[in-house]
Every structure is written in structure tokens, then in C-alpha cells.
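Q: Could you take a close look at the largest pocket of this model and tell me which residues line it? Please explain the terms as you go.

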Amino acid sequence: ELNNSGLYYTITTQGSTEIADQCSVLRVKYVGRFTNGTIFDQTQGDNVATFELGGLIEGWKRTLPLIGEGGKIKLYVPPSMGYGSTDRVNPQTGQIIIPKNSVLIFEIELVTIT
């Protein structure tokens with residue numbers, strides 16, 4: 001657990017010694033699931049997603065600097081470190097993607113840091 005935040009993680013592969021900071025641009029492969037196992041978001045096949053670390057949810061911001069390039073981590077993110085008490089909605093359809101107060105499970109591979 002990270003600092004009594006309710007955020008739990010398991011580092012499955014440490015990766016290189018290069019570590020991200022809040023301004024780093026990260027290329028990642030990931031799967032996001034609800035606690036019932038339903039996938040709500042993921043990268044497909046060899047595709048990667050590119051994010052600036054400082055723009056991500058708190059759970060990612062606090063844990064991705066714990067691994068280096070090539071590292072893999074599994075996160076258990078409480079609502080306070082994820083999307084909180086607000087539904088995350090698809091702007092085109094109005095459909096709820098992530099219900100408010102959801103605990104989220106992410107498996108993340110940190111491909112590159114720039």
C-alpha cells in the first residue's frame with residue numbers, strides 16, 4: 001500500500017533504471033478492469049498509448065515512477081486515486097464508461113519514457 005492511501009500495487013517487472021517524472025511522456029500498454037473483471041479500457045495488440053505522466057489519474061502518477069522502461073506493474077486504485085465520485089462519461093454517446101466511486105485494477109507495461 002502506498003502511504004495509507006488505499007492504493008495497492010505489485011511490481012511484476014522492475015524495468016530499467018530510467019524513471020519517469022511528472023513531465024515525462026510515457027508509452028504504455030495497459031488493461032483497465034473493474035473489480036468484477038470487466039475490461040473498461042485497454043490497448044490492443046502491439047499498440048501503445050502515449051500519455052504525459054502529470055495528466056494521468058493520481059494512482060498512475062504515484063506508481064509509474066516506481067518502475068523503469070520495460071517495467072510492469074499491477075495497480076488497485078481506490079476512487080480517491082482514480083476518477084472519484086463523478087461518473088466518467090463518453091462525450092459522444094453519454095454512456096457511463098466508469099461509474100462513480102469505482103475501484104479500478106490496471107495492469108501496465110511501461111514501454112518507453114521520453
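A: What follows looks at the pocket, then at the chain around it, and then at two loop residues.

This is a predicted model, in which local features need pLDDT of at least 70 and side-chain atom pairs count only at pLDDT 80 or more, while totals for chains, interfaces and linings use all residues. Residues are numbered from 1 along each chain as its sequence is written, and side-chain values use heavy atoms, with hydrogens and water left out.

Rolling a probe the size of a water molecule over the atoms shows where empty space is left. On a 1 Å grid over the protein atoms alone, a pocket is an open set of points where a 1.4 Å probe fits, with protein on both sides within 12 Å along at least five of seven lines, and a lining residue has an atom within 4 Å of a point. The largest pocket has a volume of about 240 Å³, where volume is the space filled by probe spheres set on the points, joined across faces, edges and corners. Its lining consists of Tyr30, Phe40, Asp41, Phe51, Leu56, Ile57, Trp60, Tyr83, Arg88, Ile97, Ile98 and Phe106. The elements that give two or more residues to this lining are β3 (39-42) and β7 (96-98); strands here are DSSP runs of E with at least two residues, and helices are runs of H or I with at least four, numbered from the N terminus. The lining divides into 10 nonpolar residues, no polar ones and 2 charged ones, with Ala, Val, Leu, Ile, Met, Phe, Trp, Tyr, Cys and Pro counted as nonpolar, Asp, Glu, Lys and Arg as charged, and the others, Gly among them, as polar.

The protein chain around this pocket has 1 helix and 8 strands, which follow one another in the pattern β-β-β-β-α-β-β-β-β. Of its 114 residues, 34% count as buried, meaning under 20% relative accessible area, whereas exposed means over 50% and partly exposed lies in between (1.4 Å probe, protein chains only).

Thr43 lies in the loop between β3 and β4 (49-52), and Thr43 is buried because its relative accessible area is 16%. Leaving aside neighbours within four places in sequence, Thr43 is in contact (heavy atoms within 4.5 Å) with Val28, Lys29, Tyr30, Val48 and Ala49.

Asn101 is found in the loop between β7 and β8 (104-113), and its relative accessibility of 47% makes Asn101 partly exposed. Most residues other than glycine have a negative phi. Asn101, although not a glycine, has a positive phi of about 60 degrees.
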